[in-house]
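Please read the following walk through one protein model with the coordinates open beside the text. The paragraphs take up confidence, strand pairing, charged pairs and one buried position in turn.

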Amino acid sequence: IDLSGVSSAKSAALPIESGILSKPQALTVKLPEASITFDKATLSGLADKALEEGAATEEIRVAAEKVAVSSLSEAQQAAVGNAAVYDLSLFISEKRISKFSVTATVSIPYTLKTGERPEGITVWYLNDEDVLEEMTSVYDAATGTVTFTTTHFSYYLVGYDGSGLWTNPFVDVAY
């Protein structure tokens, strides 16, 4: 499902009754702020979760939206600094599902700034204690995206290791 060219698109609704969750080997939802890919096991798990929630005839909605740092709490603002913040969400019948038992692969567009190296682009998760947790991520200069996998949706940040958010704890190893 490609909505990446629709600048106002913040989410995509997937009707459960259409069978869209059981047919494909994988499903990618492309939004302007992120592309989110669910493999067959993830889709099956989401369908099962929808049934558990009693949503057999409802929809699953996937959302990705860039968040204004000023809209975050003071503690969150202090944690994120000047990094780009994204709210990744999954809803089953309008109930927000933060954690799921399988993984999703997320790709977020990022343009390297002058002096930045691809290996320095990093994704962080902002946890419930307003502490940043570094995610394993890879920047692809050819596509201009940083990609990571996750088992939960929440606030994620993309930035450069020189931004002050991350410091190399191994002073004898260059990054």
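What follows begins with how far the coordinates can be trusted and then turns to local features.

This is a predicted model, and the protein chain has an average pLDDT of 81, with 79% of the residues scoring at least 70. Confidence is lowest in helix 1, which covers residues 40–52 and has a mean of 70, whereas strand 10 has the highest value, at 94. Over residues 163–175 the pLDDT falls below 50, although this stretch still has 17 contacts in the model beyond near neighbours in sequence. Where pLDDT is low, the predicted coordinates should not be read in detail.

Strand 10, the element with the highest confidence, spans residues 137–140 and pairs with strand 11, residues 145–152, in the antiparallel sense over 4 bridges. One of the bridge partnerships joins Asp-140 to Thr-145 in strand 11. The two strands, 10 and 11, form a hairpin with 4 residues between them, and within that turn Gly-144 has a positive phi of about 65°.

Turning to charged side chains, the structure holds 2 salt bridges. Side chains of opposite charge can pair when their charged atoms come close. In one salt bridge, the side chains of Arg-96 and Asp-87 meet at 2.7 Å, taken from N to O. Asp-87 counts as buried because its relative accessibility is 16%, under the 20% limit that defines the buried class, while Arg-96, at 38%, counts as partly exposed. Another salt bridge links Glu-119 with Arg-117, where the closest N and O atoms are 2.8 Å apart. Here Glu-119, with a relative accessibility of 53%, counts as exposed, and Arg-117, with a relative accessible area of 34%, is partly exposed.

A last position to examine is Val-85, which lies in strand 5, residues 84–92. Is Val-85 buried or exposed? With a relative accessibility of 1%, Val-85 counts as buried. If residues up to four places away in sequence are not counted, Val-85 touches Glu-65, Lys-66, Val-67, Val-69, Leu-72 and Val-80, and also Tyr-155, Tyr-156 and Leu-157. How far apart are Val-85 and Val-158 in space? Their C-alpha atoms are 6.8 Å apart, although 73 residues separate Val-85 and Val-158 in sequence.

Terms used: Residues are numbered from 1 along each chain as its sequence is written. This is a predicted model: local features need pLDDT of at least 70, side-chain atom pairs count only at pLDDT 80 or more; totals for chains, interfaces and linings use all residues. Side-chain values use heavy atoms; hydrogens and water are left out. Two strands pair if DSSP finds at least two bridges between them. A salt bridge is a side-chain nitrogen of Lys or Arg within 4 Å of a carboxyl oxygen of Asp or Glu. Buried means under 20% relative accessible area, exposed over 50%, partly exposed in between (1.4 Å probe, protein chains only). Contact means heavy atoms within 4.5 Å. pLDDT is the predictor's confidence in each residue, from 0 to 100.
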